[in-house]
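You asked for a quick read-through of this model before you dig in yourself. Here are my notes, in the order I would look at things.

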Amino acid sequence: MIVSHRRVALLAVLLATLMGLSVSACGSDDESTANAGDSREVVVSAAASLKKALTSYGDQFDSATVRLSFAGSDELAAQIRQGIKPDVFAAANTKLPDQLFKEGLVEKPVRFATNELVLAVPADGGDKVASLADLTGNDVTIAVGAKGVPVGDYTLKVLDGLPQAQSKAILANVRSREPDVGGIVGKLTQGAVDGGFVYRSDVEGAAGKLKAIELPDELKPTVEYGVAIVKGARNKAGGQAFVDGLLEGAGAKALADNGFGAPGGG
Amino acid sequence: MSQARWFPPLLAVALAVALSFLTLPIVAIFVDSGPAELLSSLDDAAAIDALTLSLWTSTVALVIIVVVGTPAAYLLATRRFRARNVLITLIELPLVLPPAVAGIGLLAALGPNGLFGQALDDAGIRVVLTTLSVILALTFVAAPFYLRQAEAAFSALDRSWLDASRTLGAGEATTFARVAIPAALPGLIAGLALAWGRALGEFGATLMFAGSFRGVTQTVPLAIYERFATDFTAALGLSAVLVAVSAAILMTVKLATRASPARVLTR
Amino acid sequence: MSLHVEAVADLGDLHLDVAFDIPARQCLALAGPSGAGKSSLLRVAAGLLQPTSGRVTSGDDVWLDTARNINRNPEERRCGYVFQDYALFPHQRSWQNVAYALRDRPRAVRQREARGWLARFGLEHLADARPATLSGGERQRVALARALARRPDVLLLDEPLSALDTRTRASAQRELADVLRVTEVPAIVVTHDFAEAALLGDEVAVIDEGRVVQQGSASQLAARPATAFVADFTGAVVLHGTATPAPDGTTIVTLAGGHQIRSTDRAAGPVAATVFPWEITIEAAGPATSQSAQNHLKARVQFITTIGGRVRLGLAGTENLIAEVTTTAIADLDLQPGSHVTATWKATATRLVPHA
């Protein structure tokens, strides 16, 4: 009768909607080649410090649309551990990609860039902080990265290389531990802190608002960036093409233009 | 007549879907790890610091909001003046602002490079990256929740109660304190709960304006965010505590409003 | 300690322009339709509404004088105000409501005195109840007790009985009349019911569209309504027509329906002819027992309503009338809806009011 027809039809629509929702949530690993939409998109999770460089690279990337999301590298690694699968993971250190490789979550990582950790101060900050030693001053405020975030770990390495009294004094002046380097840059450009540890690429990208103070050679940490294809990613071919371009091509150029150095080893 | 067959089940399905969607993440927080792990993850000085900081900064923010907001809402509700609708919209604006925008706004107003930055600096008041900045951020994002409820609660009052109070010898202030507030109390408490929940959960504006530093500015949401990357169980633990606290606040509100004797009189 | 109220105010569409003097111990009943401005007048007296210009004095106390820029706040005027919906504070018990009026008394005696006031109204057993649990009549008495506890210089009652059901209203009316009789201060009672005004007020003032149309004792208003409106308000039957003076000193009124009636009043032009329902007698239809001093109207009975020992008949003819007769008359004539009758009333009972 009409009554049951209607009812069945409505329930069917509801079920279909629910199914549709769950299907799109699970994602379909085996449909990537058949589904034209997927192969035209490369999803990249990258460290915050790579923002400018990768955005301009992504604009030039022909074979697919690049979807970028930036955050602290450790947060992105945590997402991958939770099962989120971008195509490419680019971190501000090699530790995190190596860890994920050991856990079987990504393919073998490749080093693709180097950077330099610098002490940055607001350009209009006068001479309040002119050197590492000035960070121990009484009235000085500092922002650093949180522990576990690459820029934070690099900073701790630097401070470990200093005499204990000095590193203690500097740590005492820390006012904020940011979850990504963008937060440190923001605090500096706002004049909220007198100094912060960021990458040279960040200073160059800050359009003159920041001044970089080079760290003494013996304290400079090796800042190497690693990238890996995520296992089970939807668009492995696209991801690979993206990574290739980072090593040699439009990506490498974009990195160089934004203050990154060439990768050290192979 | 056919509608009676499928409409009620449809309603039930809609409710079931809504319920599952809303409760699933909350249940998952408690279920994803074992309770022992959750509890032990809380046995961490930094977590305790974050909890303490969240509780007392949100309390201070709420005190400010209630003390300033209640008379303000009363004025809006009981006087008719030309700019009234504009003022109400302005007050509600932070409600629809993304927290990040709130953070930017606070920096633009009170940050070192902001409108009042120089004046604050001259006065020797340090705002950003201090606990004060946390309180300011929480007050800014949570105040509209209270103001809106309070204004609605005062508007719903029977004007004749206020008039009667005046004819019985009570001035405006006494009327406000002895009649308006007690009669509007359920609405005020509901607003308080909403604002408190919002303040406890504030993240974006706090991170941008106050920074994240243990014991000074790292509230529970910020602590959760920090732990999420390195220690997911700890993040779950803190989240569970926040859920429990929020639930406690909500329940207290429910009990308080049911116990309140102010009921709308019907003829 | 008389009360003087005069006010001119523009309230939306209504232009209020009234003035009253009420001596001590007197009650003025303000009657009129909704929206006439009655409640607004009370609010002006209490200070809850600011008129464009006006003066309110209680004895020698000047509460409002717009000319001299005097305007005392409501809390500084000693008014006992009973609101239409009683306005009892919902979050307080009955005795607390009354105690609110006693805030100028020492704290220690407040509760005792409040309960005492409630006892005077027979409500001591409800002293701890909250307003939501009280009946309409009980709330009305609490509100009255609260207003009186204020020991006011003036009593202002805004339709104090209209929220009550008919049964409660009758007893409440008598009770209120007693209170007003005993009270020493001037009082204003607002009502839209003429019978109530007649019972409660020493004088009745009819207000329509913001102005006083007529003021006097209830019987004066009934006997000599100044306008058709007052007549209608007092419960008279009102028939519209045109009056032409007759040579014998009476007036012939040609009604709208064409029928002619006679009145001993003198008038000319458009008039309203009024007669009270109890002055109309009913006869069976048929050739009228015509006496020149009587008016006759053929009509059909539309409805018969018995209220207590009296019967109201609705009659429809070229004019519509209400007649009030005894039950005996109904039985004698065997009247039912649809019966044809002749309504008769005297020319002397037909009052003419110029109709604007």
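The points below start with chain B, go on to its two interfaces, and end with some details of chain A.

1. First, a word on what you're looking at: this is a predicted model. Please read the distances, areas and counts below as values computed from that prediction.

2. Let's begin with how the chains meet. Two pairs of chains touch, and the pair with the most contacts is B and C. Chain B also has a contact with chain A, where 24 of its residues meet 28 residues of chain A. Chains A and C, on the other hand, have no contact with each other, and their closest C-alpha atoms are 46 Å apart.

3. Now chain B on its own. What is it built from, helices or strands? It has 12 helices and 0 strands, so to read the order of elements from the N terminus you just go α-α-α-α-α-α-α-α-α-α-α-α. If you'd like a feel for the dimensions, the C-alpha trace of chain B spans about 70 × 65 × 30 Å along its principal axes.

4. While you have chain B up, look for a nonpolar patch on the surface. Its members are B:Leu75, B:Phe81, B:Val86, B:Leu87, B:Leu90, B:Leu93 and B:Val96, and together they have about 630 Å² of accessible area. Helix H4 of chain B, residues 84–96, supplies the largest share of the patch with 5 residues. B:Leu75 sits in another element, namely helix H3 (residues 45–78) of chain B.

5. On to the interface of B and C. Here 25 residues of chain B and 28 residues of chain C take part in the contact. About 2300 Å² is buried between the two chains, and carbon and sulfur atoms account for 61% of that.

6. How many salt bridges are there between chain B and chain C? The count is 2. One to pull up on screen is B:Arg166 with C:Glu75, whose side chains meet at 2.8 Å, N to O. The interface of these chains also has 7 residue pairs in polar contact, with both residues at pLDDT 80 or more. On the chain B side, the elements that give two or more residues are helix H8 (159–167) and helix H9 (172–201). Sorted by class, that side of chain B has 10 nonpolar, 8 polar and 7 charged residues.

7. Next, the interface of B and A. The buried area between these chains is about 2400 Å², with 64% of it on carbon and sulfur atoms. Which residues of chain B lose the most area to chain A? They are B:Trp6, B:Leu129 and B:Phe213, which together make up 24% of what that side buries.

8. Staying with chains B and A, the salt-bridge count between them is 0, while 8 residue pairs are in polar contact, again with both residues at pLDDT 80 or more. The side of chain B that touches chain A gets two or more residues each from helix H1 (3–31), helix H10 (204–210) and helix H11 (220–230). H1(B) gives the largest share, 6 residues. By class, this side of chain B divides into 16 nonpolar, 5 polar and 3 charged residues.

9. Zooming out to salt bridges in general, the count over all chains is 36. An example within chain A is A:Lys220 with A:Glu116, whose side chains meet at 3.6 Å, N to O. A:Lys220 is in the loop between strand S9 (210–213) and strand S10 (223–229), and A:Glu116 is in the loop between strand S4 (110–115) and strand S5 (117–122), so this pair ties together parts of chain A that are 104 residues apart in sequence.

10. One last stop in chain A: A:Lys52, which you'll find in helix H3 (residues 51–60). Setting aside neighbours within four places in sequence, what does A:Lys52 touch? Its contacts are A:Gly205 and A:Asn258. A:Asn258 is 206 residues away from A:Lys52 along the chain, with 7.2 Å between their C-alpha atoms.

Technical notes
Residues are numbered from 1 along each chain as its sequence is written. Chains are lettered from A and ligands numbered from 1 in the order in which they are written. Side-chain values use heavy atoms; hydrogens and water are left out. Contact means heavy atoms within 4.5 Å. Buried area is the accessible area (1.4 Å probe) that two parts lose on being put together, summed over both. A salt bridge is a side-chain nitrogen of Lys or Arg within 4 Å of a carboxyl oxygen of Asp or Glu. A polar contact is a pair of N or O atoms within 3.5 Å; within protein, one must be able to donate a hydrogen and the other to accept it, and residues adjacent in sequence count only if both atoms are side-chain atoms. Helices (H or I, at least four residues) and strands (E, at least two) are DSSP runs, numbered from the N terminus. Ala, Val, Leu, Ile, Met, Phe, Trp, Tyr, Cys and Pro count as nonpolar, Asp, Glu, Lys and Arg as charged, and the others, Gly among them, as polar. Patches are made of residues with over 30% relative accessible area and no salt bridge: like charges are joined within 9 Å, nonpolar side chains (Val, Leu, Ile, Met, Phe, Trp, Tyr) within 5 Å. Accessible areas come from the Shrake-Rupley method with a 1.4 Å probe; for residues, only the protein chains shown count as cover.
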